[in-house]
Amino acid sequence: MFGKTILGAAAVAVMALAGTASAQEMSFFRIGTGGTAGTYYPIGGLLANVISAPPGSRACEDGGSCGVPGLVASALAANGSVANVNAIQGGTLESGFVQGDVAAWAYTGTGIWEGQPPADKLRAIANLYPESIHLVASVKSGITSVADLAGKRVSLDEPGSGTLVDAKLILEAAGLSEGDIKPEYLKPDQAADRMKDGQMDAFFFVGGYPAGAIAELASQQDVVIVPIEGEVADKVRESEFFAADTIPAGTYDGQEADVNTIAVGAQWITSADQPEELIYGITKALWNDASRAQLDAGHAKGKMIVMDNALAGLGLPLHPGAERFYREAGLLK
């Protein structure tokens, strides 16, 4: 399920420190993300750096890492929300990023999880940032609304992704089904490559802007970011997990105006089986004052990862370690 692995800088540094690490126990913690062309992947690498403090690292108070002492965290490229839920529930992954709607449905056995055993081991560490739903179309396709997708070649993203889940919801809200389009199931970078070759009319992507694959495509070809608004957006927003959103003008080459769309929260999820003390330390490291500079400088969406929103839109329980931190920080009574 997992593709290439990107290690946080702290994880790489452990190689050089191995000879001096005997005095401190080393532990490992993986973060399941999404495809390398999306937003989960670079954010995962950023957070891996924030929470890591390999054995032998300088102490936080001495200007070193303010992560969990002895922890080596890494971000793994994966298929996205659904795949990460299954891996966490199955015990093959310590944590991962999951869309808020997918996390809640999986935990309760409702929505897309209806008829399947609930993923009852899921626990939240934090809500991170809003993920904007992108609908990207070639200018040549003539697509200017969701309704225009009828009869077109459209990629809904790969199986296991949260994008596929939300793309189906949006089609349904527009009175369309997969049978009304010519569906393909590709990662955004693969769909973008097809569009460059004239073999794809449009594709969906759910993630923070700017998305690398879309930015690269827009720099090479005329594309339109199609609005998701009006009755279609209203129907999707009947679910509590979605909110109105805007992709600002200038986010992508050729995008001269703001584009209305909808968004869903990106959440960091772990398992109830993870030790309370470890998750407490990870949550504390995430919101350490020293981590702020890394979050602000590391990625455009890093600036939106703020503690004031950490509990927003959570549809499953907090991990006891995270809950303890938020109580100490005054976010929970």
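These are my notebook entries on a helix, a disulfide and two pockets that I looked up in this structure, which is a predicted model.

**Entry 1: helix 4**

I began with helix 4, which runs over residues 100-108, and I found that seven of its nine residues are buried, so this helix is largely enclosed by the rest of the structure. The buried residues I noted are Gly100, Asp101, Val102, Ala103, Ala104, Trp105 and Ala106. I then asked what covers these buried residues of helix 4. The cover includes two other helices, helix 3 (81-90) and helix 5 (162-173), together with strand 6 (95-99), strand 7 (122-138), strand 12 (242-247) and strand 13 (259-271). Looking at what comes after helix 4, I found glycine 109, whose phi is positive, near 70 degrees.

**Entry 2: the disulfide**

I searched the whole structure for disulfides and found one. It joins cysteine 60 and cysteine 66, and I noted that their sulfur atoms are 1.9 Å apart. A disulfide is a covalent bond between the sulfur atoms of two cysteines. The link of cysteine 60 and cysteine 66 is right-handed, with 75 degrees about the S-S bond.

I also asked of each partner whether it is buried or exposed. Cysteine 60 has 30% relative accessibility and therefore counts as partly exposed, while cysteine 66, with a relative accessible area of 13%, is buried because that value is under 20%.

**Entry 3: the largest pocket**

I turned next to the largest pocket, for which I noted a volume of about 280 Å³. It is lined by 16 residues, and those closest to its centre are Phe241, Val264, Gly265, Ala312 and Gly313. Strand 7, strand 12 and strand 13 each supply at least two residues of this lining, and strand 13 gives the largest share, four residues. These three strands are also among the elements that I had listed as covering the buried residues of helix 4. Sorted by class, the lining of the largest pocket has nine nonpolar, six polar and one charged residues.

**Entry 4: the second largest pocket**

The second largest pocket holds about 240 Å³ of space. Of the 18 residues that line it, Ser65, Cys66, Gly67, Val68 and Pro69 lie nearest its centre. The elements that give two or more residues to this lining are strand 4 (68-69) and helix 9 (276-286), and helix 9 gives the most, with four residues. I noted that Cys66, listed here nearest the centre, is the cysteine that forms the disulfide with cysteine 60. By class, the lining of the second largest pocket has eight nonpolar, eight polar and two charged residues.

Definitions and conventions
Residues numbered from 1 in each chain as written. Predicted model: local features only at pLDDT ≥ 70, side-chain atom pairs only at ≥ 80, totals over all residues. Heavy atoms only, no water. Buried < 20%, exposed > 50% of the residue type's maximum accessible area, 1.4 Å probe, protein only. Contact = heavy atoms within 4.5 Å. Disulfide = S-S within 2.5 Å. 1 Å grid on protein atoms, 1.4 Å probe; cavity = no way out; pocket = protein on both sides within 12 Å on 5 of 7 lines; lining within 4 Å. Points joined across faces, edges and corners; volume = space filled by probe spheres on them. Nonpolar A, V, L, I, M, F, W, Y, C, P; charged D, E, K, R; others polar.
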